[in-house]
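Visitor: I am new to this structure and would like a close look at one part of it. Could you pick a single helix and walk me through its surroundings?

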Amino acid sequence: SFVRTQSELLPDNPSSRRWRFAFELLLDTGIRLSELVALRNCDVDRLIDGSSSVLLLRVLGKGNKTREVPVSEHVAELMRAHHQDTVALGLFSAEASAQPDARLLRPLDRVGAMNRRSVHDWLKRTLAAIARKSPDLSYRSQLLTASTHWLRHTFGRSAADADVDIRAIQVALGHASLNTTTAYTRPDLKYMAKELGKRRKANC
């Protein structure tokens, strides 16, 4: 919440709009950094079901396995704003921006790179700059050590806390094993007390 609030307070320019797109996309989908960097226009699709529709990303994950992850309309709007910025800056023509192989996350200058390492360093620098604005020194120190993978963990934990079906979380995160996904779940203490109480009664 703190990072999101501070992100909204950043100057309204192409750099901050690109940051908000990347940050919200990672937080909204739980995809890996390497998966984000690889995404292209052709990986965006829309599932239409009657009068409603859902925006989907086709994500190529570990083991070259493809999965589909839904994306909120808010993130879709941030993506469109970022792409419009790259056209306005003269880095893409409108036609090139719409090409199927155009990347979703783009550099803002002609020499900028959008590989895994450069995006990781850029996201870390931005997170660190936001962290320094926190008056809470303990929280600031935690945020300064946060990595881009922290956003993936935040997605998993928040989805589990919202009682999203664990199998849906598994598919979204691209986990091969359900055991990996269950690390995000927290046991219901009342349920544990009730169930463990059965054992105590049986031993009396």
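Guide: Here is a walk around helix H9, with a little of the wider chain before and after. Please keep in mind that this is a predicted model.

Let's begin with the whole chain. It holds eleven helices and three strands. Read from the N terminus, the elements run α-α-α-β-β-β-α-α-α-α-α-α-α-α. The C-alpha trace spans about 80 × 45 × 35 Å along its principal axes. Of the 204 residues in the chain, 38% are buried. Among contacts with a separation of 6 or more, 51% are between residues 24 or more positions apart.

Now to H9 itself, which covers residues 166-173. Which of its residues are buried? They are Ile-169, Gln-170, Ala-172 and Leu-173. Looking down the axis of H9, you would find these buried residues within an arc of 165°, so they line one face of the helix. What covers them includes helix H2 (14-29), strand S3 (66-71), helix H8 (148-161) and helix H10 (178-181).

Both ends of H9 are worth a visit too. At the N-terminal end, Asp-165 acts as a cap: one of its side-chain oxygens lies 2.7 Å from the backbone nitrogen of Arg-167. Just after H9 comes Gly-174, which takes a positive phi of about 75°.

Next, let's turn to H8, one of the elements covering H9. Two packed helices are described by the angle between their axes and the distance between the axes. For H8 and H9, the axes come within 10 Å and cross at roughly 165°. Angles over 145 degrees count as roughly antiparallel, so H8 is roughly antiparallel to H9. Their crossing is right-handed. On the H8 side, the contact is made by Arg-152, Phe-155, Gly-156, Ala-159 and Ala-160. On the H9 side, Ile-169, Ala-172 and Leu-173 take part. You have met those three already, as they are among the buried residues of H9.

H2, also among the elements that cover H9, leads us on to H6. The axes of H2 and H6 are 11 Å apart, and the two helices pack at an angle of about 95°. They are therefore roughly perpendicular to each other. Here Arg-18, Trp-19, Ala-22 and Leu-26 of H2 meet Trp-122, Leu-123, Thr-126, Leu-127 and Ile-130 of H6.

Arg-18 also gives us a link to helix H4 (residues 73-88), where His-82 lies. Is His-82 buried or exposed? His-82 is buried, with a relative accessible area of 0%. Leaving aside residues up to four places away in sequence, His-82 touches Arg-18, Phe-21, Leu-104, Leu-105, Arg-106 and Leu-108.

H6 (residues 116-131) has another partner in H7 (residues 137-144): their axes come within 9 Å and cross at roughly 175°. That makes H6 roughly antiparallel to H7. The residues that meet are Lys-124, Leu-127, Ala-128 and Ala-131 in H6 and Arg-140, Leu-143 and Leu-144 in H7.

Ala-131 makes a good marker for one last look across the model. Leu-196, found in helix H11 (residues 189-203), is 65 residues from Ala-131 in sequence and 42 Å away in space, C-alpha to C-alpha. With 41% relative accessibility, Leu-196 counts as partly exposed.

How values were computed. Residues are numbered from 1 along each chain as its sequence is written. This is a predicted model: local features need pLDDT of at least 70, side-chain atom pairs count only at pLDDT 80 or more; totals for chains, interfaces and linings use all residues. Side-chain values use heavy atoms; hydrogens and water are left out. Buried means under 20% relative accessible area, exposed over 50%, partly exposed in between (1.4 Å probe, protein chains only). Helices (H or I, at least four residues) and strands (E, at least two) are DSSP runs, numbered from the N terminus. The arc is that of the directions from the helix axis to the C-beta atoms. Contact means heavy atoms within 4.5 Å. A polar contact is a pair of N or O atoms within 3.5 Å; within protein, one must be able to donate a hydrogen and the other to accept it, and residues adjacent in sequence count only if both atoms are side-chain atoms. Axes are lines fitted to C-alpha atoms, for helices over the stretch in contact, and angles run from 0 to 180 degrees between N-to-C directions. Angles under 35 degrees count as roughly parallel, over 145 as roughly antiparallel, 65 to 115 as roughly perpendicular and the rest as oblique. A crossing is left-handed if the near helix is turned anticlockwise from the far one by less than a right angle, and right-handed if clockwise.
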